[in-house]
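Let's take a stroll through this protein chain, one piece at a time. Keep the picture open beside the text and look for each part as it comes up.

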Amino acid sequence: MEPHADLILEHLHGDFALGVISNGIGEAQRKRLAAGGLFHYFDSFIISDEVKCWKPDSQIFELALQELALSPDEVLYIGDSLTDDYEGAVRSGIDFCYYNRRDTPLNDHHRPAYMIRDLLEIKDLANDGTRRTT
């Protein structure tokens, strides 16, 4: 489990619709979240092997938007992959927050709307009042 994941999810839960988009195996991903006691925080859980499309394909992002009944401009996608997460979010018209826990330098091609190094920094984004969904 990522440091502070439980704390930030507890903080956001109830005020924001929360979803997961994962390139992985559904059963394994659900077990990981359940083992960490985090599964109940999420309103949407889209796993690539179950929907037969993978990030960065915008179709997987569109499925999450439909499930949450939100438009791209109401969402902030937080991810740790510039290839899968950033590219997919940008293609889908969704603002992206780069979870850059390793302090990886960005190139000119990648311009996330936000960048954090610790999940607790999401509180600052949520508290600015401009977003309904994380």
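A good place to start is helix H1, whose buried residues pack against helix H6, residues 122–127. Keep in mind as you look that this is a predicted model. H1 itself runs over residues 5–12, and its buried residues are Ala5, Ile8, Leu9 and Leu12. Why do these residues end up on the same side of H1? They span an arc of only 100 degrees around the axis, and that places them on one and the same side of the helix. There's a general pattern behind this: an α-helix has 3.6 residues a turn, so residues three or four places apart point the same way. Just after H1 comes Gly14, with a positive phi near 95 degrees.

From here we can step into the nonpolar interior. The largest nonpolar core has 21 residues, and the members that touch the most others are Leu12, Leu18, Phe42, Ile116 and Leu119. At least two residues each come from H1, strand S2 (44–47), S4 and H6. Which of the elements gives the most to this core? That's H1, with four residues. Now zoom in on Leu119: setting aside neighbours within four places in sequence, Leu119 is in contact with Glu2, Pro3, His4, Ala5, Ile8 and Tyr99. Apart from this core there lies another, of 17 residues, and its members include Ile46, Tyr77, Ile94 and Phe96.

Next up is the sheet. Three strands make an open sheet, in the order S3-S4-S5, with parallel pairing. S3 (76–79) and S5 (114–116) are the edge strands, and each has a single partner, so one side of each goes without a neighbour in the sheet. From one strand to the next, the twist averages 20 degrees. In general, strands of a sheet pair through backbone hydrogen bonds, either parallel or antiparallel.

Let's look at the two pairings here. S3 and S4 run parallel to each other over four bridges, and Tyr77 sits opposite Phe96 in S4. On the other side, S4 (residues 95–99) and S5 pair in the parallel sense over three bridges, with Cys97 standing opposite Tyr114 in S5. Helix H5, residues 82–91, packs on the sheet and touches S3 and S4, its direction making about 160 degrees with that of S4. Is S4 mostly covered or mostly open? Mostly covered, since four of its five residues are buried.

Now for the charged side chains. How many salt bridges are there? The count comes to seven. One of them joins Arg30 and Glu50, whose closest N and O atoms are 2.6 Å apart. This pair links distant parts of the chain: Arg30 belongs to helix H2 (residues 26–35) and Glu50 to helix H3 (residues 48–51), 20 residues apart. Arg30 counts as partly exposed, at 29% relative accessibility, and Glu50 is partly exposed too, at 41%.

Another salt bridge runs between Asp80 and Arg101, with 2.9 Å between the closest N and O atoms. Asp80 is in the loop between S3 and H5, while Arg101 is in the loop between S4 and S5, so this pair ties together parts that lie 21 residues apart in sequence. Asp80 has a relative accessible area of 38% and is partly exposed; Arg101 is partly exposed as well, at 29%. A further salt bridge is the one between Asp108 and Arg111, where the closest N and O atoms are 4.0 Å apart. Asp108 is exposed at 65% relative accessibility, and Arg111 is exposed with a relative accessible area of 60%. Through shared partners, salt bridges also join Glu2, Asp80 and Arg101 into one network.

One last stop is Lys55, found in the loop between H3 and helix H4 (58–68). Is Lys55 buried or exposed? Its relative accessibility is 12%, and buried means under 20%, so Lys55 counts as buried. Not counting residues up to four places away in sequence, Lys55 touches Ile21, Ser22, Asn23, Ile60, Phe61, Tyr77, Asp84 and Asp85. You've already met one of these contacts, Tyr77, as the residue standing opposite Phe96 in S4. And if you look from Lys55 to Gly93, 38 residues apart along the chain, their C-alpha atoms are separated by 14 Å.

Methods: Residues are numbered from 1 along each chain as its sequence is written. This is a predicted model: local features need pLDDT of at least 70, side-chain atom pairs count only at pLDDT 80 or more; totals for chains, interfaces and linings use all residues. Side-chain values use heavy atoms; hydrogens and water are left out. Two strands pair if DSSP finds at least two bridges between them. Axes are lines fitted to C-alpha atoms, for helices over the stretch in contact, and angles run from 0 to 180 degrees between N-to-C directions. Contact means heavy atoms within 4.5 Å. Buried means under 20% relative accessible area, exposed over 50%, partly exposed in between (1.4 Å probe, protein chains only). The arc is that of the directions from the helix axis to the C-beta atoms. A nonpolar core is a set of buried Ala, Val, Leu, Ile, Met, Phe, Trp, Tyr and Cys residues joined through side-chain atoms within 4.5 Å.
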